[in-house]
Amino acid sequence: MKPVGLAPTHGMARDIPGIPVTCRDQAWERSRLEWRVGDPGDPATLVENFLARHGLPVGDLSGPSLAGLAHEVCGAALFVSAAGGAAMIGGCLGAPSPAPAVPDVVVVVYEHTANVRLQEPSGGDLGRTVGAWRLGPWRPSWSPSHHAEAVQAVREAIARGDVYQVNMVGHAAAEYHGDPLPALRRVTRLPGARYAGILQGDGWAVGCASPETLLEVRGGHAVTRPIKGTAPATETGRVELLASPKERAEHIMIVDLQRNDLSHVAVTGTVRVPELFAVRRWADLWQAESEVSARLRPGTGLAELLRAICPGGSVTGAPKFAALREIAALEPVGRGASMGALGWIGPDGIDLGLTIRTVVADGRRLHVWAGGGITIDSDPAAEVAEAAAKAAPVRAALHGLS
């Protein structure tokens with residue numbers, strides 16, 4: 001666990017997904033908590049206690065607002081890696097991250113300040129390299145054939161009854177020269193990126209263009225909006241997505257999982273699915289999204305809520321613990337900053353996006369991840385192609401081609 005002093009070492013909050021417009025150019029870093037797998041303490045409890053000490057009362061989220069917010073504190077950014085989410089529930093952590101510079105949990109508390117800063121600090125050495133932007137060739141952590149073999153292994157696990165669905169994720173990295181932050185900002189401008197933003201630390205930056213809500217809390221109500229099911233953003237693709245038994249079955253399994261997750265913190269009988277299998281566009285893809293909501297049980301704090309919802313069911317599978325075991329056995333590298341959470345906690349509530357369509361810049365490489373849900377009906381070649389289609393707009397933006 002690494003608490004980082006009270007000085008605003010990483011600057012403004014303007015790039016944090018979900019931050020209110022009124023805070024974007026007025027909020028500066030006050031304090032930071034960083035935790036990595038292997039550090040002492042339960043990460044969910046550490047997050048809740050750290051926020052409470054800095055004037056964000058997140059011990060009971062069932063009320064109308066986070067009453068009692070300290071005047072100078074406007075909110076906090078929260079980031080949780082895939083391994084950080086698994087650690088919160090005692091699940092399999094998977095292989096080590098290919099971008100170990102990024103912590104597994106980061107909380108940054110921001111305050112309003114009248115102080116004028118002429119130059120915003122950057123994250124560590126990032127943004128300080130000189131010369132034209134160049135991005136080298138992408139080097140995947142597994143080949144298409146190995147990816148297909150992993151899909152087949154999941155299908156066999158489903159046939160044995162070990163699991164119902166598993167989300168398989170691949171990774172690729174490319175060396176860069178120049179300042180990576182403009183490239184990450186291009187990613188955040190991809191169409192449909194509801195959680196568009198950047199979080200920085202010493203020697204690392206996470207850029208997110210996610211369309212998926214992992215957790216939203218307003219007025220004592222919790223919402224999650226799982227996305228499952230993908231097709232090209234053409235009229236034919238839309239029709240095929242709506243008509244696909246495989247995509248619908250994959251989607252419904254995850255909706256049921258998310259309903260079960262929320263039921264652990266919900267008032268009995270309040271879990272609802274207001275919207276099911278709605279087709280929405282992200283970049284050049286159609287994706288199917290549902291909404292699952294519930295009223296939070298009195299006394300539900302942030303730590304309990306994070307343990308109920310993390311890691312996100314749409315990027316693990318069902319049952320969640322069994323899916324995490326398959327992921328740990330089959331994926332050759334860790335998911336790092338992807339398949340986790342990034343967003344804002346403020347006086348009006350919580351808004352966290354699932355970190356799909358997410359990029360990491362460390363001191364010398366960019367990292368991207370992409371994958372999809374595997375069911376008994378999955379075709380290995382089609383799953384490999386789907387992952388490539390999801391990564392393509394992100395890679396194009398990083399190259400400056402979008």
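How many residues does helix H3 have, and how far does H3 reach from its first C-alpha to its last? Before I answer, please note that this is a predicted model.

Helix H3 covers residues 144-160, which gives 17 residues, and its reach is 25 Å, close to the 24 Å expected at 1.5 Å a residue. Just after H3 comes glycine 161, with a positive phi near 90°.

Let us consider which parts of H3 are buried. The buried residues are His147, Ala148, Ala150, Val151, Val154, Ala157 and Ile158. Their packing partners are strand E7 (165-177), helix H8 (320-330), strand E19 (365-374) and helix H9.

Helix H9 brings me to a second contact. The axes of helix H4 (residues 181-188) and helix H9 (residues 380-399) come within 8 Å of each other, crossing at roughly 140°. H4 is therefore oblique to H9. The crossing of H4 past H9 is right-handed. On the H4 side we find Ala183, Leu184, Arg186 and Val187, which meet Val394, Ala397, Leu398 and His399 of H9. By character, the residues of this contact comprise six nonpolar, one polar and one charged.

Finally, I turn to a single residue, histidine 221, in strand E11 (residues 221-225). Is histidine 221 buried or exposed? The answer lies in between: its relative accessible area is 36%, so histidine 221 counts as partly exposed. Setting aside neighbours within four places in sequence, histidine 221 is in contact with Glu216, Ala294 and Arg295. Histidine 221 and proline 64 lie 157 residues apart in sequence, yet their C-alpha atoms are 8.8 Å apart in space.

Methods: Residues are numbered from 1 along each chain as its sequence is written. This is a predicted model: local features need pLDDT of at least 70, side-chain atom pairs count only at pLDDT 80 or more; totals for chains, interfaces and linings use all residues. Side-chain values use heavy atoms; hydrogens and water are left out. Axes are lines fitted to C-alpha atoms, for helices over the stretch in contact, and angles run from 0 to 180 degrees between N-to-C directions. Helices (H or I, at least four residues) and strands (E, at least two) are DSSP runs, numbered from the N terminus. Angles under 35 degrees count as roughly parallel, over 145 as roughly antiparallel, 65 to 115 as roughly perpendicular and the rest as oblique. A crossing is left-handed if the near helix is turned anticlockwise from the far one by less than a right angle, and right-handed if clockwise. Contact means heavy atoms within 4.5 Å. Ala, Val, Leu, Ile, Met, Phe, Trp, Tyr, Cys and Pro count as nonpolar, Asp, Glu, Lys and Arg as charged, and the others, Gly among them, as polar. The expected span of a helix is 1.5 Å times one less than its number of residues. Buried means under 20% relative accessible area, exposed over 50%, partly exposed in between (1.4 Å probe, protein chains only).
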